[in-house]
Amino acid sequence: MKPGVVTGAEYTELVAACKEGKYAMPAVNISGTNTINAVMEAAAQAKSDVIIQLSNGGAGFYAGKGIPSAHDGMVMGAVSAAQHVHYLAEHYGICVVLHTDHANRKLLPWIDSLIEQNAKFHAANGKSLFSSHMLDLSEELPEANVATCKEYLQKLDKLNISLEIELGVTGGEEDGVGSDDLSDSSKLYTTPEDVWYAYQELQGLGHFSVAAAFGNVHGVYKPGNVTLQPKILKACQDHVEAQLGDGVSNPCDFVFHGGSGSDEADIKEAIGYGVFKMNIDTDTQFAFSNGVHTNMQKNPTAYENQIDPETGKPNKSTYDPRKVLRAGEETMVSRLQEAFEVLGSKGNSIAGA
Ligand SMILES: [Zn+2]
């Protein structure tokens, strides 16, 4: 496969390669060029393909906090970030998937505008800006959730874009979506019946993936709040497989949300049940900020004085923002090496293969 952004049939080929090779790609939420470049640098180092993901908040931040309209900001930021990746990805020699993160019903106008932008880009370049978008209507009843997903999958498929849907609620809060209240844990587990229902409704309309809830939580919490139960994914796959009866194992393409802070054994077990994408945000946010912090702690006076009060020497080479930001990139790159290792994607890039 040619390195660079993959969409349409190339994307589904990549998903199939992950499932066949029993590995998953990290989907890393980014917020600017530093974090995007760190993800591509890390993937190139690990010889792994990777997913670059934008939440609505991340997209708005990418466009700049000075943009007066929040809606325009999250549309323009997503388009701008995607164009940055389209232009650079092939030079890193790996395949990159471009994805958006949770969009609940009030964020549908964001997705509508992105569909328009995808169509424009497709007309000019023969491929879409994004490989896949996500709708998260998991707070609604399955019928309403899936009916809207069906409508969107039909629109997206015309542009060779995949759709990720969410069934069952991922716990925790991320970018204003979800809640920190983990007291009602029954909603945190997807049922095989719901997966089969969605499968029947969406089958044949285009490529889709399913974020299924198996006790996963956004963010890193104290242990003991909820229990991860990857077996739920197996139960879902077994049910769909039995209904289809065509002997194809793991028919659903599953997505693991809230991967940060999870046990390696649980991650590996989930991958065995058809997870090809694991979202990671909290851990890489911490890595980036921690790298910046550690770097600044080494010489705190340099950030308060342009000329060192004791030596009289200029501090320019220390407070140069590139030094500070690069420190964040480096710790993010190294944290991502752990992710590629655990997910088994290291050395498995299909670029050039
Ligand atoms: Zn999520």
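Select helix α6 and colour its buried residues, which are Asn145, Val146, Cys149, Tyr152, Leu153 and Leu156; a residue is called buried if 20 or more other C-beta atoms lie within 10 Å of its own, exposed if 12 or fewer, and partly exposed in between, with the C-beta atoms placed from the backbone. Turn the view until you look down the axis of α6, and you will find that these buried residues fall within an arc of 130 degrees, so they line one face of the helix. That arc is taken from the directions that lead from the helix axis to the C-beta atoms.

What you have open is a predicted model, in which local features need pLDDT of at least 70 and side-chain atom pairs count only at pLDDT 80 or more, while totals for chains, interfaces and linings use all residues. Residues are numbered from 1 along each chain as its sequence is written.

**Around helix α6**

Stay with α6, which covers residues 142-157, and check its length: its 16 residues reach 22 Å from the first C-alpha to the last, close to the 22 Å expected at 1.5 Å a residue, where the expected span is 1.5 Å times one less than the number of residues. The helices and strands on this tour are DSSP runs, numbered from the N terminus, with helices being H or I of at least four residues and strands being E of at least two. On the face turned away from the buried side, select the exposed residues Glu143, Ala144 and Glu151. Then return to the buried residues of α6, which pack against α5 (108-125), β5 (132-135), β6 (162-167), α7 (192-202) and β9 (208-212); for such contacts, the C-beta atoms of two residues, placed from the backbone, must lie within 7 Å.

Next, follow the chain from α6 into the loop that leads to β6, where you will meet asparagine 160. Its phi is near 60 degrees, a positive value in a residue other than glycine. Most residues other than glycine have a negative phi. Asparagine 160 has 20 C-beta neighbours inside 10 Å and therefore counts as buried.

A useful residue to set beside it is lysine 22, found in the loop between α1 (8-20) and β2 (25-29). Lysine 22 also has a positive phi, about 55 degrees, although it is not a glycine, but with 15 C-beta neighbours inside 10 Å it counts as partly exposed.

**The paired strands**

From lysine 22, move on to β2 and show its partners, remembering that two strands pair if DSSP finds at least two bridges between them. β2 is joined to β3 by 3 bridges, and the two run parallel; select asparagine 29 to see that its bridge partner in β3 is glutamine 53. β2 also pairs with β11 in the parallel sense, over 4 bridges, and there valine 28 has isoleucine 280 as its bridge partner.

Now select β3 itself (residues 50-54), where 5 of the 5 residues are buried. Val50, Ile52 and Leu54 point one way from this strand, whereas Ile51 and Gln53 point the other way. In a regular strand the side chains alternate between the two faces of the sheet. β11 is likewise mostly covered, with 6 of its 6 residues buried, and 3 parallel bridges join it to β10, with phenylalanine 256 standing opposite methionine 278 in β11.

**Helix α9 and leucine 343**

Select α9 (residues 264-272), whose buried residues are Ile267, Ala270 and Ile271. They cover an arc of only 100 degrees around the axis, which puts them on the same side of α9. These residues pack against α8 (231-244), β10 (254-256), β11 (275-280) and α12 (321-343). After α9 comes glycine 274, whose phi is positive, near 95 degrees.

Leucine 343 is a good next choice, since neighbours up to four places away in sequence can be set aside and the residue still touches Tyr23, Ala24, Met25, Pro26, Ile267, Ile271 and Met278.

**The last stop**

Finally, select serine 349, in the segment after α12. With 24 C-beta neighbours inside 10 Å, serine 349 counts as buried. Its C-alpha atom is separated by 7.1 Å from that of cysteine 95, although the two residues are 254 residues apart along the chain. Leaving aside neighbours within four places in sequence, serine 349 is in contact with Lys47, Ser48, Asp49, Ile94 and Cys95.
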